[in-house]
Amino acid sequence: MGLVSLWKRFYSLLIFVVVAVLGGALTAGLVIPAVSMLTSSGSGVATAMQALPIELETPPLAERSRLLNADGSVLTYFYTENRYSVPLEKISPIMRKTQVAIEDHRFYEHGPIDVQATIRALVRTSSGITQGASSITQQYVRMVLVNTAERSKDPLARAKATENTMARKIRELRFAAALERRFSKDEILERYFNISYYGDGAYGIEAAARHYFGVSAADLDLAQSAMLAGLVRNPVTTNPVRFPKMAIERRNDVLDRMVELKLVTEAEAAEAKAQGFDVKKVRKYKLGCANAEFPFICDYAWRTLMKTESLGATEAEREDRVLRGGLTIKTQIDPKAQRKAEKTIKKLISAKDPVVSVIVMLEPKTGQIVAMAQNRTKMGKKKGQTFYNYAVSHAMGGAEGYQGGSTFKAFVAAAALENEMGAYGIFDAKARMSFGGETFKSCDGTFKQKKWNVVNASPSGRMNMFRGVQSSVNTYFAQLIQAVGVCESVKMAKRLGLEMSMGGDLVKKYGAIPSFTLGAVEITPLSLVEAYATFANRGVHCEPLILKSVEGRDGTPYKVPSANCKRVLSKGVADAMNRIFQGPYTGGTARSAQVPGVQMAGKTGTVPDNRAIWTVGYNPELAAAAMISYDSHPDYKKFWKRRPSYLRNLRLPASHTYLSGFSGGDAGNRLLRPAFAKAIKAYPKARFSTPPESVLRGEWLRVPSCTGMSIGGCRAALERAGFSSHLDEVESPEEKGTVLGTDPSGKAPKLSSVAIKISDGKGKKPDEEPEGDQPDDEDSDD
């Protein structure tokens with residue numbers, strides 16, 4: 001037997017005896033097997049001493065997760081313990097020396113325990129007096145056991161791990177011995193540095209170095225190292241942020257110990273002692289979403305993470321992984337675009353104004369959210385603060401939603417083009433039209449509308465889809481949804497991604513409501529942009545995404561929610577929509593929102609009584625919407641009670657901004673245009689594809705003659721021929737109700753609504769129906 005082997009067995013015996021004696025276990029029955037450790041039977045006890053709980057082999061150290069913007073900047077950290085583990089070589093040599101000097105200066109010389117110091121500590125503890133002198137290995141064991149107990153959320157386990165008893169110390173000694181058989185001194189010291197708590201919320205040496213001094217652990221100097229090394233023993237009372245005087249005194253004690261051990265000279269220690277501690281330079285943590293620069297984007301990301309199945313089977317498991325797993329979570333949020341959007345809103349609207357304003361932007365080709373801004377940017381209960389993300393659904397932290405106004409006309413137009421109605425069919429869009437008693441198509445068949453009066457505030461007269469879209473003519477789209485069907489229009493909106501804020505099936509709720517074409521649905525701004533982005537992406541719909549990627553601390557990727565990009569509309573129909581909906585920007589209601597040099601399409605929208613105004617704008621690379629709505633919160637009920645016209649000609653009380661109430665001006669020119677102009681700079685120039693003429697023209701069918709027919713007979717004939725119909729009473733000397741003919745006659749686009757002209761029986765020669773523009777009405781339909 002060699003001397004080295006004999007010494008190892010002797011050392012094992014010594015540890016065993018120390019533990020046994022002080023644990024009251026040294027009896028006659030134990031002496032013999034203990035002595036036999038010096039001979040061949042010693043391997044059994046050594047094996048027993050080597051037993052090690054799994055948490056000590058691979059301790060589940062909590063590390064903070066980072067939520068990143070597109071440029072790599074940190075939006076926030078998620079953590080239970082602010083820790084960022086680093087290897088020993090990335091900790092400055094002086095920091096390593098200092099920590100060892102003050103906690104266990106013979107760490108590299110003795111085994112798992114310093115026998116003399118341990119005996120002294122155990123004797124004192126058995127007398128009821130707490131005594132330190134634990135080795136670094138023992139301290140590490142204790143910290144791991146406490147950490148594991150706390151993670152289990154078991155108060156009994158926590159008490160057992162921290163109890164001041166002989167049993168606890170014996171358990172720690174046994175584990176320390178096993179640990180040093182398994183790992184090198186450097187490996188143990190590295191783990192010690194990463195698990196130690198350095199006070200003020202800093203776990204691990206790297207987080208502590210960055211927090212207190214703004215440097216990495218690799219760059220710590222003597223004074224900084226002494227300060228941090230002195231914190232481990234009592235990180236609360238020596239916290240330099242709260243107790244700077246006590247922290248400096250403790251630091252100087254550490255420096256004196258360094259001199260005593262001849263690790264530094266007295267001159268070096270004096271120079272380090274001369275350095276002060278500037279509390280103002282301490283870096284504050286970004287913890288959670290309330291403290292993030294963009295709290296509502298952060299909150300949306302968090303809620304999405306809690307639904308990401310790759311992070312755990314349950315929400316509790318996902319939360320634990322995010323808070324402890326050291327994940328790197330990347331988004332596509334452009335901080336420059338986000339700041340510009342927020343600044344643009346702030347310039348116009350105060351957080352304390354009784355309105356809600358939102359700007360949302362996303363990439364049509366990927367679904368990635370680029371910006372999501374609102375006038376209230378801070379989370380809280382104070383005036384001007386909120387916990388709502390106004391852009392998203394209630395289930396994802398949003399409010400009650402907002403009606404979309406005339407932005408919904410796009411869904412009716414898309415349904416018409418898909419059903420081969422084309423864009424050239426003519427409707428006589430009178431300034432005022434009543435659709436009471438008219439027949440509409442729901443998902444369950446036809447039905448008669450009881451009452452629905454539609455009024456224009458824009459040009460009226462005979463027009464095709466191009467003009468109806470450019471000028472946002474209400475009575476044109478009322479006839480269009482009658483022709484193509486309410487059900488088809490609502491199904492189109494759902495297919496494109498439109499979502500009600502409070503959830504529910506859009507088709508079931510609105511599939512038989514003709515006023516859908518005028519936006520009478522509380523939806524989320526994000527889903528409206530999502531729907532228009534499908535046009536921009538030539539008919540391929542991508543779900544909005546906040547997460548671009550998630551990686552573990554070792555680089556392992558986690559599967560993030562997919563945009564599920566899939567075709568829901570033909571290229572031809574989407575291209576036709578993009579051609580037609582350039583009209584509002586080239587000379588219509590959104591012309592003042594046009595960004596110079598950028599080909600844009602989109603739509604404006606105004607909700608009845610000017611309760612909300614919208615402008616949607618997009619090109620092949622970017623889709624966006626800007627909205628201003630009255631705030632329905634009870635705090636503002638009294639204010640709006642005195643304002644029946646809501647946003648029309650309104651002077652906001654906090655910002656003193658004047659709002660005209662016109663969507664293209666307030667939401668378009670003053671919000672969307674500057675925000676879009678900033679964000680689009682990050683993308684290449686792009687133009688829309690040329691649509692096929694066959695889609696724009698649609699299918700034209702022959703209109704049957706209704707001469708001599710009854711109204712019912714004419715309706716039936718038109719329906720068989722592929723048309724819908726509506727009544728148009730005209731002055732005529734014929735008997736009241738007599739069918740005089742149709743308009744148009746000859747041919748008309750498939751499914752278009754043909755007017756059945758009937759006599760009013762008044763005996764007067766009907767006047768020529770004037771064409772062209774008519775005076776505006778009070779109510780806006782843009």
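1. Let's start with helix H16 and its packing. The buried residues of H16 pack against strand S1 (65-68), strand S2 (74-78), helix H7 (136-152) and helix H15 (295-305). H16 itself spans residues 315-324, and its buried residues are Arg318, Val322, Leu323 and Arg324. Please keep in mind while reading that this is a predicted model. On the spacing of such positions, an α-helix has 3.6 residues a turn, so residues three or four places apart point the same way. Two arginines, Arg318 and Arg324, appear in that buried set, which may be worth a look in your viewer. Just after the helix, Gly326 adopts a positive phi of about 65°.

2. Next, the chain as a whole. Its secondary structure comes to 29 helices and 29 strands. Of its 782 residues, 54% count as buried. The accessible surface is about 34,000 Å², and carbon and sulfur atoms account for 52% of that surface. Counting contacts between residues at least 6 apart in sequence, 71% join residues at least 24 apart.

3. Which residues have the most contacts inside the largest nonpolar core? They are Met465 and Phe516, in a core of 109 residues. Leaving aside residues up to four places away in sequence, Met465 touches Ala413, Ala416, Leu417, Gly422, Ala423, Gly425, Tyr476, Leu480 and Ile580. There is also a second, separate core, with 49 residues, among them Met95, Tyr198, Met227 and Phe277.

4. Now to a sheet late in the chain. Three strands make up an open sheet, ordered S26-S29-S27, with mixed pairing. Strands S26 (724-730) and S27 (739-743) are at the edges, each pairing on one side only. From one strand to the next, the twist averages 30°. S27 pairs with strand S29 (residues 753-759) in the antiparallel sense, over 4 bridges. For a register check, Asp743 stands opposite Ala755 in S29.

5. Which helices lie across this sheet? Helix H20 (residues 474-484) lies across S26 and S29 and runs at about 135° to S26. Helix H29 (residues 711-720) lies across S26, S27 and S29, running at about 165° to S29. A link back to point 3 is worth noting: Tyr476 and Leu480, which Met465 touches, fall within the residue range of H20, 474-484.

6. On to the disulfides. The count comes to 4. With the bonded cysteines numbered in sequence order, the pairing reads 1-2, 3-4, 5-6, 7-8. The next three points take up some of these links in turn.

7. Cys289 and Cys298 form a disulfide with their sulfur atoms 2.1 Å apart. The torsion about the S-S bond is -75°, and the link is left-handed. Are the two cysteines buried or exposed? Cys289 is buried because its relative accessible area, 11%, is under the 20% cut-off. Cys298 is buried too, with a relative accessible area of 0%.

8. A disulfide also joins Cys542 to Cys565, with an S to S distance of 2.0 Å. The torsion about this S-S bond is about 120°, so the disulfide is right-handed. Cys542 sits in the loop between strand S16 (540-541) and strand S17 (549-551), while Cys565 sits in the loop between strand S18 (557-558) and strand S19 (566-567), so the pair ties together parts that are 23 residues apart in sequence. As for accessibility, Cys542 counts as buried at 6%, whereas Cys565 counts as partly exposed at 40%. The value for Cys565 lies between the 20% and 50% cut-offs, which is why that residue is placed in the partly exposed class.

9. Finally, Cys706 and Cys714 are joined by a disulfide with an S to S distance of 2.1 Å. The link is right-handed, with 80° about the S-S bond. Cys706 counts as buried at 2% relative accessibility, and Cys714 is buried with a relative accessible area of 0%. This disulfide also brings us back to the sheet of points 4 and 5: Cys714 falls within the residue range of helix H29, 711-720, the helix that lies across S26, S27 and S29.

Key:
Residues numbered from 1 in each chain as written. Predicted model: local features only at pLDDT ≥ 70, side-chain atom pairs only at ≥ 80, totals over all residues. Heavy atoms only, no water. Pairing = 2+ DSSP bridges. Axes fitted to C-alpha atoms, helices over the stretch in contact; angles between N-to-C directions. Contact = heavy atoms within 4.5 Å. Disulfide = S-S within 2.5 Å. Buried < 20%, exposed > 50% of the residue type's maximum accessible area, 1.4 Å probe, protein only. Core = buried A, V, L, I, M, F, W, Y, C linked by side-chain atoms within 4.5 Å. Areas by Shrake-Rupley, 256 points an atom, 1.4 Å probe, with all protein chains shown as cover.
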